[in-house]
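Please look over the sequence and the model shown here before reading on. The paragraphs below are meant to be read with both in view.

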Amino acid sequence: MDNYEVIQALHKSLPPFSPYVPASLLPSIALILLTSTFAFAFYFSTLPKDTFPVRETAVASLASILGGFGVVALFCSVGVNV
């Protein structure tokens, strides 16, 4: 039981959690990331089809990464902390 009391005292002495990115910036970050995702998706759909799709792969990968982070920022901004 002594071990539990030590851990409980340590827990009470620690500072509260504070995120690196303020929660007030999350809606703006989500808007920017998701808007750029849709812009890259439009650009991807208008690219000419190449035989070796390096540019298509790069644009699609960037849009996918931005969309993933944008959705996470959107979820966190509405209170679904993922």
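What follows goes from the confidence of the model to three residues and then to a pocket.

The structure is a predicted model, and it is sensible to begin with how confident the predictor is in the coordinates. Averaged over the protein chain, the pLDDT is 89, and 99% of the residues score at least 70. Within the chain, confidence is highest in helix α2, with a mean of 93, and lowest in helix α1, residues 2-13, with a mean of 89. As a general caution, predicted coordinates should not be read in detail where pLDDT is low.

Helix α2 spans residues 26-46, and Thr37 has its place there. Thr37 counts as buried because its relative accessibility is 14%, which is under the 20% that serves as the cut-off. A polar atom of the Thr37 side chain lies 2.8 Å from the backbone oxygen of Leu33, a distance that falls within the 3.5 Å used for a polar contact. If neighbours within four places in sequence are left aside, the residues in contact with Thr37 are Ala63, Leu66 and Gly67.

Tyr43 also lies in helix α2. With a relative accessibility of 37%, Tyr43 counts as partly exposed, whereas Thr37, as noted above, is buried. Once residues up to four places away in sequence are discounted, Tyr43 touches Arg55 and Val59. Tyr43 and Ala60 are 17 residues apart in sequence, and their C-alpha atoms are 9.4 Å apart in space.

Leu47 is found in the loop between α2 and α3, the latter covering residues 54-77. Is Leu47 buried or exposed? Leu47 is buried, because its relative accessible area is 7%. Not counting residues up to four places away in sequence, Leu47 touches Arg55, Glu56 and Val59; Arg55 and Val59 are also touched by Tyr43. A longer separation is found towards His11, which is 36 residues from Leu47 along the chain, with 55 Å between the two C-alpha atoms.

The last feature to consider is the largest pocket, which has a volume of about 300 Å³. The elements that give two or more residues to its lining are α2 and α3, and the largest share, four residues, comes from α3. Among the lining residues are Leu26, Ile29 and Leu33, together with Phe69, Val72, Ala73 and Cys76, and the lining also includes Pro19, Val21, Ala23, Asn81 and Val82. How many of the lining residues are nonpolar, polar or charged? The lining of the largest pocket divides into 11 nonpolar residues, one polar residue and no charged residues. Leu33, one of the lining residues, is also the residue whose backbone oxygen lies 2.8 Å from the polar side-chain atom of Thr37.

Methods:
Residues are numbered from 1 along each chain as its sequence is written. This is a predicted model: local features need pLDDT of at least 70, side-chain atom pairs count only at pLDDT 80 or more; totals for chains, interfaces and linings use all residues. Side-chain values use heavy atoms; hydrogens and water are left out. Buried means under 20% relative accessible area, exposed over 50%, partly exposed in between (1.4 Å probe, protein chains only). A polar contact is a pair of N or O atoms within 3.5 Å; within protein, one must be able to donate a hydrogen and the other to accept it, and residues adjacent in sequence count only if both atoms are side-chain atoms. Contact means heavy atoms within 4.5 Å. pLDDT is the predictor's confidence in each residue, from 0 to 100. On a 1 Å grid over the protein atoms alone, a cavity is a set of points where a 1.4 Å probe fits but cannot get out, and a pocket is an open set with protein on both sides within 12 Å along at least five of seven lines; lining residues have an atom within 4 Å of a point. Grid points are joined across faces, edges and corners, and a volume is the space filled by probe spheres set on the points. Ala, Val, Leu, Ile, Met, Phe, Trp, Tyr, Cys and Pro count as nonpolar, Asp, Glu, Lys and Arg as charged, and the others, Gly among them, as polar.
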